[in-house]
Amino acid sequence: MRPQMSGWVSCFSFLLLCTYYMSMARNANTLLELSSQEYFSSLEPGRASLVYFSQDVSPGARLFLEQIENSAGALQDYGISVVKVNCLEEDVSRYCGKENALMKAYLFRGNVLLREFPTDALFDVNAVVANVLFALLFNEVKYITTLVDLQNLENSLKGRSNIVFAYVPAVGMPEHRAVMEAAFVYGTAHQFVLTTEGALLKNMGHEDSNALSARLVFCHCQQVPDLTQPCRRTPMAQSLTTLNIHTHLKLMAAPLVTEVAEDPEKVSTVHLQLGLPLVFLFSQKETYDVDKRTAEFVAWQLLGKAGVALLLRDAVDSNVLLRFNIALKTATEGAQIKYLVLEDTDEIIALVEDKIKNAQIQEDEDEEDEDERENNGQDIQDDQVMEAVYRDRKRELPLDLIRTLTEETFNAALTETAHTAVLFYASWEAVSLAMLQSYAEVAVDLKETQGISLAKINCWDWPDVCVKENATQFPVLKLYEKGAARSLAYTGMLGRAELLRFLRLSSISCPLKLTTIEEVEEYLSGEVHAALSSYHSTSVLGIFCPSMKEAREAFVEAGNLLRGYVTTGLYAEDDALVLAHKYAVPLPVLLLARREDHRIDSIPLSKQSAQDMVQIIRAELLEAFPEITVENLPDYLSLEKPLLILFSDGDLNQRTRTDMLGLVNGRGHEAFIVCWLNLEKTPVGRGVLKAYFGTPPPLPLLVWVNLHSSGQVFAFPSDQSVSETNVLSWLEKLKGGLEIPSTTLSDEDWKPPLPAYDFLRMMEDTLPEFTVHTVYSRGGTNGPQRTEEVSEEKSTVREEQMEEPGLEAEKGQPPGRDLRGTVPRLAGREKQPKRHTEL
């Protein structure tokens with residue numbers, strides 16, 4: 001049988017072994033529905049069952065029932081039945097009548113209650129299986145929190161049993177399920193130990209960047225009779241899946257060294273069957289004892305990575321030349337055994353690890369070529385921005401359209417075109433990379449546009465420039481106008497559409513000075529900026545008498561502040577009163593030309609500061625009955641008014657829209673914001689509803705929430721239709737204090753979980769030799785020089801080493817000069833487009 005086929009057969013036999021323990025594995029994905037009396041009368045001693053006592057199935061309970069129904073087959077494989085008990089009015093069971101029973105599931109063994117689970121702890125199939133098995137095996141799987149606990153457990157088991165130690169970041173994860181499934185099968189052979197304490201993992205010596213990912217370590221205590229000797233520990237290199245754990249435990253149970261007396265071509269061990277290489281050490285009778293000790297030493301170093309066999313030359317007829325002392329056999333079908341001459345054990349270990357590394361690199365490349373990758377939760381990074389960058393890493397970006405600036409070229413580049421946009425970024429920072437994607441897409445859109453050029457500067461390489469431009473928290477986009485004294489910073493979303501809109505609108509004068517009434521009419525009709533009509537729907541015009549100098553200057557400042565977001569015009573000629581009479585408005589005044597509904601609104605200016613004007617204009621640009629999205633929510637929250645939100649699972653029908661618009665246009669609507677949220681387009685709204693209600697009521701759902709004062713949340717009665725009359729009556733009850741809030745939100749400030757990093761300041765504080773005030777010479781050679789020595793080959797057969805990315809200095813740059821250049825260059829080369837893998 002071929003080694004790879006044997007490996008799959010072995011893995012398949014493990015799955016069959018699991019079913020050996022099952023007394024009920026025939027009705028996969030079947031959820032039993034019984035009455036309370038039927039359930040309790042059918043209980044069998046020792047038989048486990050997961051039960052949910054249900055009265056009326058609410059939307060939240062329906063989602064939970066879907067998860068346990070999907071888990072029924074998996075749990076039945078372990079002899080655990082899954083039951084939904086329908087509680088009738090005549091039921092007297094204490095579980096049917098128990099308070100909050102709808103928010104819990106119960107695990108029984110026979111008629112003995114083992115555990116109550118909150119329904120939100122059983123959020124998916126993995127969580128259901130993991131938590132249920134954990135509860136059933138609670139006495140067999142030890143949970144520990146400190147390194148002392150682990151050491152004490154090791155001491156108590158020395159000479160008797162081995163330990164399988166597992167760390168998972170949280171219970172209910174897929175890795176937790178895999179550990180518990182392995183414990184169900186192997187729990188009688190090994191002592192399983194579980195922890196969720198990351199500090200314990202670090203205390204064991206795992207301090208690398210992946211320390212918080214799930215880990216499994218096999219502790220060899222059974223062969224340690226002396227309490228003063230520590231137990232050897234072998235970590236599992238692969239991710240925690242049921243198959244990988246099974247493979248690792250099989251390797252730990254295999255003989256440390258296999259003695260063979262036949263031709264290596266005919267030898268097959270469990271390592272080869274599982275796809276791992278096998279190392280042969282040739283020995284002879286005179287040196288057998290020494291060779292065996294050497295083989296055991298190598299085997300411990302390669303445990304879990306490769307097998308080790310000791311081949312006695314005296315006991316086999318072989319054509320292998322006497323000068324060879326090592327052979328390497330891989331599990332690849334048809335691969336030739338390699339015979340080598342090595343001088344020490346380090347070379348053996350390096351040879352095998354290089355083989356494994358090269359194979360892993362090839363495997364990773366093959367996986368990257370797949371259009372879709374299997375997503376089991378392990379591939380998702382904690383940081384969603386980093387995950388998005390990683391997911392798009394193969395995407396080709398037209399970076400040749402974006403000029404790369406340096407300390408020497410920065411100032412000159414700002415004078416070459418009328419407008420220059422500069423992206424300040426860090427080549428290793430995820431948000432910078434995400435924004436660069438949008439920036440490159442915008443570069444394509446603006447390729448044929450005259451007067452706007454796009455550039456970028458890596459603040460890791462040129463910190464002095466970034467500090468001078470006050471760009472220390474990345475990424476930052478600034479627009480520079482030729483001859484202007486100050487730049488314009490972008491503060492919007494990082495998407496392509498938002499960036500393009502900002503750059504296109506920023507390229508026009510704000511405010512645009514108009515000198516004739518004809519120009520005013522053309523401006524208000526949209527003819528002046530017709531080419532930019534798709535980027536804005538409202539134009540703002542300020543009209544002032546020539547004597548209104550203070551108000552006019554404040555409007556000019558407001559226009560500069562709104563540049564890139566709003567188009568503004570200014571008319572301050574002697575005949576300004578003619579316009580005032582035409583539109584029947586007093587001066588000073590703002591006119592808002594709304595092209596969508598072809599109307600012009602007027603706003604008299606009673607407040608004449610620039611900030612007041614900015615606030616007035618921003619408020620007027622908001623919609624009357626907006627659809628709330630992630631992008632526009634901050635604008636509406638800034639008004640600090642209560643929100644009347646209609647949550648909908650799709651578009652609104654015409655009747656509902658008409659009723660809601662009636663509220664918008666009715667009396668007293670200025671005191672609150674009437675809006676709606678489409679959960680199909682903005683699924684984060686489901687999380688909002690869960691925060692408000694725990695178990696969300698049916699949709700559509702009208703909610704009143706006052707985030708800026710009491711924090712109280714009120715839900716419109718579900719037994720009433722959402723009509724203008726009913727809602728107005730309900731609002732009157734709210735005003736009179738006759739309604740009870742569904743929940744009250746905390747008064748904590750809505751801030752990012754962590755403050756923004758001032759990266760350059762951190763670099764200055766932590767690395768004295770790398771200060772932001774030093775001017776670096778690009779061709780300098782000061783500082784220790786980094787050299788790499790290549791040792792002479794010590795074997796007759798040596799595999800070519802694959803180059804490690806990032807170890808060699810960039811061509812044309814001397815190595816080891818300073819910290820700049822030691823990270824992968826984001827886009828330092830401009831000669832050809834770069835694949836996103838270089839980011």
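Two strands count as paired if DSSP finds at least two bridges between them. Helices (H or I, at least four residues) and strands (E, at least two) are DSSP runs, numbered from the N terminus. This is a predicted model, where local features need pLDDT of at least 70, side-chain atom pairs count only at pLDDT 80 or more, and totals for chains, interfaces and linings use all residues. Residues are numbered from 1 along each chain as its sequence is written, and side-chain values use heavy atoms, with hydrogens and water left out.

**Exercise 1. Work out the strand order of the sheet that runs from β17 to β21, and say what sits at its edges.**

Step 1: lay out the order. The sheet is open and has five strands, β17-β19-β18-β20-β21, with mixed pairing.

Step 2: look at the ends. β17 (403-404) and β21 each have a single partner strand, so one side of each has no neighbour in the sheet.

Step 3: zoom in on one pair. β20 (residues 476-481) and β21 run antiparallel to each other, joined over two bridges. Leu479 stands opposite Leu488 in β21.

Step 4: add the helix. α14 (residues 430-445) lies across β18 (419-425), β19 (452-458) and β20, at about 155° to β18. Here a contact is heavy atoms within 4.5 Å; axes are lines fitted to C-alpha atoms, for helices over the stretch in contact, and angles run from 0 to 180 degrees between N-to-C directions.

**Exercise 2. Do the same for the sheet that runs from β11 to β15.**

Step 1: the order is β11-β13-β12-β14-β15, an open sheet of five strands with mixed pairing.

Step 2: β11 (258-260) and β15 (338-340) are the edge strands, each pairing on one side only. From one strand to the next, the twist averages 25°.

Step 3: β11 and β13 (residues 307-312) pair in the parallel sense over three bridges, and Glu259 has Leu310 in β13 as its bridge partner.

Step 4: helix α10 (residues 288-301) lies across β11, β12 (278-283) and β13, at about 165° to β13.

**Exercise 3. Which strands pair with β3, and is β3 mostly covered or uncovered?**

Step 1: check burial (buried is under 20% relative accessible area, exposed over 50%, partly exposed in between, with a 1.4 Å probe and protein chains only). β3 (residues 80-86) is mostly covered, with six of its seven residues buried.

Step 2: take β1 (residues 32-35), which pairs with β3 in the parallel sense over four bridges. Ser35 faces Asn86 in this pairing.

Step 3: take β2 (residues 48-54), also parallel to β3, over seven bridges. Phe53 has Val85 as its bridge partner in β3.

**Exercise 4. Trace some salt bridges: which parts of the chain do they join?**

Step 1: set the rule. A salt bridge is a side-chain nitrogen of Lys or Arg within 4 Å of a carboxyl oxygen of Asp or Glu. The count comes to 16 salt bridges.

Step 2: Glu116 and Lys104 form one, with the closest N and O atoms 3.0 Å apart. Glu116 is in β5 (residues 112-118) and Lys104 in β4 (residues 104-109), so the pair ties together parts 12 residues apart in sequence. Glu116 is partly exposed at 26% relative accessibility, and Lys104 is partly exposed at 27%.

Step 3: Arg403 pairs with Glu416 at 2.8 Å between the closest N and O atoms. Arg403 sits in β17 and Glu416 in the loop between α13 (410-413) and β18, 13 residues apart. Arg403 is partly exposed, at 31% relative accessibility.

Step 4: Arg563 and Glu481 meet at 3.0 Å, N to O. Arg563 is in the loop between α18 (549-561) and β24 (567-571), Glu481 is in β20, and they are 82 residues apart. Arg563 is buried at 12% relative accessible area, while Glu481 is partly exposed at 34%.

Step 5: finish with the network. Salt bridges that share partners join Arg594, Arg599, Asp601 and Glu620.

**Exercise 5. Which residues make up the nonpolar surface patch that includes Met493?**

Step 1: apply the patch rule, which takes residues with over 30% relative accessible area and no salt bridge, joining like charges within 9 Å and nonpolar side chains (Val, Leu, Ile, Met, Phe, Trp, Tyr) within 5 Å.

Step 2: the patch holds Met493, Val630 and Val684, with about 250 Å² of accessible area together. Areas come from the Shrake-Rupley method with a 1.4 Å probe; for residues, only the protein chains shown count as cover.

Step 3: place Met493. This residue lies in the loop between β21 (488-489) and α16 (496-506), and is partly exposed at 35% relative accessibility.
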